[in-house]
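Visitor: I'm new to this one and would like a short tour. Can we start as soon as it's on screen?

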Amino acid sequence: MKHVCVIGNGAAGLVALRHLTAHPNKFKAVSYEQTGQVGGTWVYTDETGTDKNGLPIMSSMYKNLRTNLPKEVMGFPDFPFKKGKPSFITHQAVREYLQDYALYFNLYDHIKFHTVVKKVTPIEHDGEPVKWQVTTKNIAKNPSFESVDLFDAVMVCNGHYSVPLVPELEGMENFQGTVIHSHNYRDPVDFQDKTVLLLGRGASGQDICINMAPHTKQIFLSHNKTPLKSRLPENVSQVTGIAKLTPDGAVLNDGSYINFDVLMLCTGYKYTFPFLSEECEVSTTNERVSPLYKHLIHTKYPSLCFVGLCKTICPFPQFHSQVLFYVKTLKEDITLPSQEEMKRDGDDNLQWRLESGMPERHAHVMGPLQWNYNHWLANTGNFTKIPNNVERLYDAVHEVRVTDLMHYKDVNYELIGDDSFKVLE
């Protein structure tokens, strides 16, 4: 029997625990969660910064957030959301879904809450499979005492929406207004009658822009990408990126100058694994986690994996597929390539991305690439692939979002079988 450690109990950690505990004769699994409940980033709190234990607030939810994907594509394949309207649901509904998932699959008995993973170290002996020494601290019961346990495998599921990526902007130290990262955005009322420059037009930038607009005086949506095609609120203007900040505004890349009260950074997040020792040999340079095989498995230490690193995806179904594949490797139902072959595969994937015009920091960005990746996991792992209509509905919603950012969440959907869907009246 293999002892497996799961780090984190958001969606990725829960699905890892669910498929490990489905094989009680093969695995003894324990999961460490530093908060007091499951759900990860979906657990909303008004707090920002650090919590009462001095730990970073993990959630990036804002008060009235609704999902930007319909629940019909969001669910784990073996545990769908309840049918019916609406399709675009609140963060509270997603959190409740994850709690229901944990209850249904009896996961709570395997979770150690209020437990911080302090250090993970590989222990190697010649000719023996690597073991993992995991040092933890229960911050609720005995915060001064550290426990040390040995595991045969470690599944890292700590998410990547908790440590803001803050760009280096010339003149930042001179700006006299408010600077806030989207991670700490909670309530649009806090920006009543303010002029806001919102830097970044990714998913969070678009969503927060629409959410804030009814309350703000004006929003400058600043980015260097092609302009959004969708109609935007009347008080929103798209402008180029920031060349230099000044005490009361910014000089933009096109040479124009604008004044604003608030700089909102919708600039993404860092991959961070503070508990991994140097001996784990994991790099996060330029937002590329390496050395990994298929964005998932450490090439030197295949008993160490990272679930949920990919970006711009339909997340829960992909987590499900990654975990099923990885559990098959732990069961030795799948024989992985050699370390050299796995490393070459990862390097070749990066090289292909670079030659396609992607920056290295997009090493784990998927978008349309996610479907072939998911299919590869299912085909190689010999398990049921994600239904075709999940891909079709995901892509259809994307097309609507591009042209109607303000109203795409008003539409409701229903999946029909495995291949089609319909719009609900």
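Visitor: Is Asp-347 buried, exposed or partly exposed?
Guide: Asp-347 counts as partly exposed, at 31% relative accessibility. Buried means under 20% relative accessible area, exposed over 50%, and partly exposed in between, using a 1.4 Å probe and protein chains only.

Visitor: What am I looking at, by the way?
Guide: This is a predicted model, where local features need pLDDT of at least 70 and side-chain atom pairs count only at pLDDT 80 or more, while totals for chains, interfaces and linings use all residues. Residues are numbered from 1 along each chain as its sequence is written, and side-chain values use heavy atoms, with hydrogens and water left out.

Visitor: OK. Which residue forms a salt bridge with Asp-347?
Guide: Lys-343 does, with the closest N and O atoms 2.8 Å apart. A salt bridge here is a side-chain nitrogen of Lys or Arg within 4 Å of a carboxyl oxygen of Asp or Glu.

Visitor: And where do Lys-343 and Asp-347 lie?
Guide: Both are in helix H6, four residues apart, which is about one turn of the helix. Helices (H or I, at least four residues) and strands (E, at least two) are DSSP runs, numbered from the N terminus. Lys-343 is partly exposed too, at 44% relative accessibility.

Visitor: Which residues are linked with them in a network?
Guide: Arg-288 joins Lys-343 and Asp-347 in a network of salt bridges.

Visitor: How many salt bridges are there in the whole structure?
Guide: A search finds twelve. One of them pairs Asp-187 with Lys-63, with 3.3 Å between the closest N and O atoms.

Visitor: What does that pair tie together?
Guide: Asp-187 is in the loop between strand S8 (178-181) and strand S9 (195-199), and Lys-63 is in the loop between strand S2 (27-32) and H2, so the bridge ties together parts 124 residues apart in sequence. Asp-187 is buried at 17% relative accessibility, whereas Lys-63 is partly exposed at 40%.

Visitor: Got another one like that?
Guide: Asp-207 and Lys-409 meet through their side chains in a salt bridge, 2.9 Å from N to O. Asp-207 belongs to helix H4 (residues 203-212) and Lys-409 to the loop between helix H8 (388-403) and strand S19 (412-416), so this pair ties together parts 202 residues apart in sequence.

Visitor: Are those two buried or exposed?
Guide: Asp-207 is buried, with a relative accessible area of 14%. Lys-409 counts as buried as well, at 13%.

Visitor: Change of topic: the backbone. What is usual there?
Guide: Most residues other than glycine have a negative phi, and most peptide bonds are trans.

Visitor: Where is there a cis peptide bond, then?
Guide: One joins Lys-85 and Pro-86, with omega about -5°. Pro-86 sits in the loop between helix H2 (71-74) and helix H3 (91-104). The bond from Ser-290 to Pro-291 is also cis, with omega near 5°. Pro-291 is in the loop between strand S15 (262-265) and strand S16 (292-293).

Visitor: And what about phi at Glu-287?
Guide: Phi of Glu-287 is near 60°, a positive value in a residue other than glycine. Glu-287 lies in the loop between S15 and S16, and is buried at 12% relative accessibility.

Visitor: What is phi at Glu-332?
Guide: Glu-332 has a positive phi of about 65°, although it is not a glycine. The loop between helix H5 (315-330) and helix H6 (339-355) holds Glu-332. Glu-332 is exposed, with a relative accessible area of 60%.
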